[in-house]
Amino acid sequence: MRLRKRITGAVTAGLAAAALALGAAPAGAAPAAAAAGPSYAGSTGVGVHNAYEKTKYPYFADALDSGAAMLELDVWTNFFGSSWRVSHDNPFGNDNNCENASTPAQLRTKSRNQNLAGCLSDIRSWHDAHPGHRPVILKMELKDGFAANLGRGPADLDALLGSKLGDALYRPGQLAAGYPDLDTAARAGAWPARADMAGRFLVELIPGTVEEGNSADKLWTDREYAEHLRSLAGSGRLGQAAAFPAVHRAEAGDPRGRYADATIRPWFVIFDGDASAYAGGAVDTAWYDRNHYLLIATDAHNVAPAIDGTRPTEAQARERVALMAAHHASIASADWYPLPSVLATVLPRG
């Protein structure tokens, strides 16, 4: 109850000031980031679930304009269709608000329902029109996992992301520079300052619902990409990697213990699970913050007491973001696309 009262008070009396404070270096900032402001891992932003859906945004450029710190894409790779498809529940084709704009002038002018390459072209065109934009996590759920035998494996994704986003990507090799792996780098506070992440996209990968429900699939996205990172690092090619695998679903303790192969565990520094589990008290979320791991809290609206998943009041949504910030989330995700002022909120984490 005291935590709830403290958060509510912060929302009503000083939430805006707390957000503005992110522009100045707090006393506890890591020395490497002090000159440029707080660390990227030291803030809490807001994400939009399935931002590619046309019922939420007519064009993906509109999702990028929303101010959200995270936007989600669902991707299919199986043999039922060609290329990397973007849709919610259609494995055969594309159903999305992407238009494959090759220049900023083409945004909101072309046919939608494009593949992942088309979505990435939109993102790059928007990026070119908005230099220095806020850092954005592009969360990709690989609905049915990778399909390397079809030319849609981890290395193929790296190549696609690199060809489309180029220097707009924040890559694993940049975090790990000078360190043996991502875990060591994160715990050393190697994340850039938020100011230095301006104009960057960080790609997060999670296993998909179809993949997780397939008893015959023994190599899920998270493990496959972590093995890929380990292999690249072992051959001095980590700079080619374009994405970060996430440990999916909330769990007490260190969830990386689920991986029998301990050598891939240091390649996970992003954790993605249900906000209710993170806020419920069974998970020590401060552990993630202390180690500078990113924590993505999904379905933030369902944390008790639940609020509307799409159109809560602005005060309710802001209070919920503050609650998840207090629980050390890096991203509080929901479907609050009608509330751009909430989506643009950035608070100190913890």
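This briefing covers strand β1 and a nonpolar surface patch. The model is predicted. Strand β1 spans residues 43-48 and is largely enclosed by the rest of the structure, because 6 of its 6 residues are buried. On the surface, F79, F80, F92 and L150 form a nonpolar patch.

**Burial of β1**

- The side chains of β1 divide into two sets: S43, G45 and G47 point one way, while T44, V46 and V48 point the other way.
- In a regular strand, side chains alternate between the two faces of the sheet.
- Both sets in β1 are buried.
- A residue counts as buried when its relative accessible area is under 20%.

**Strand partners of β1**

- β1 pairs with β9 (residues 331-334) in the parallel sense, over 4 bridges.
- Within that pairing, V48 of β1 has A334 of β9 as its bridge partner.
- Pairing between β1 and β2 is also parallel and runs over 2 bridges.
- G47 stands opposite M70, a residue of β2.
- With β10 (residues 347-348), β1 pairs in the antiparallel sense over 2 bridges.
- T44 stands opposite L347 of β10.

**Nonpolar surface patch**

- Together, the patch residues F79, F80, F92 and L150 have about 450 Å² of accessible area.
- F79, one of these residues, lies in the loop between β2 (70-76) and β3 (85-86).
- F79 counts as exposed because its relative accessibility is 62%, and the cut-off for exposed is over 50%.
- β2 thus links the two topics: β2 pairs with β1, and the loop between β2 and β3 holds F79.

Definitions and conventions:
Residues are numbered from 1 along each chain as its sequence is written. This is a predicted model: local features need pLDDT of at least 70, side-chain atom pairs count only at pLDDT 80 or more; totals for chains, interfaces and linings use all residues. Side-chain values use heavy atoms; hydrogens and water are left out. Patches are made of residues with over 30% relative accessible area and no salt bridge: like charges are joined within 9 Å, nonpolar side chains (Val, Leu, Ile, Met, Phe, Trp, Tyr) within 5 Å. Accessible areas come from the Shrake-Rupley method with a 1.4 Å probe; for residues, only the protein chains shown count as cover. A salt bridge is a side-chain nitrogen of Lys or Arg within 4 Å of a carboxyl oxygen of Asp or Glu. Buried means under 20% relative accessible area, exposed over 50%, partly exposed in between (1.4 Å probe, protein chains only). Two strands pair if DSSP finds at least two bridges between them.
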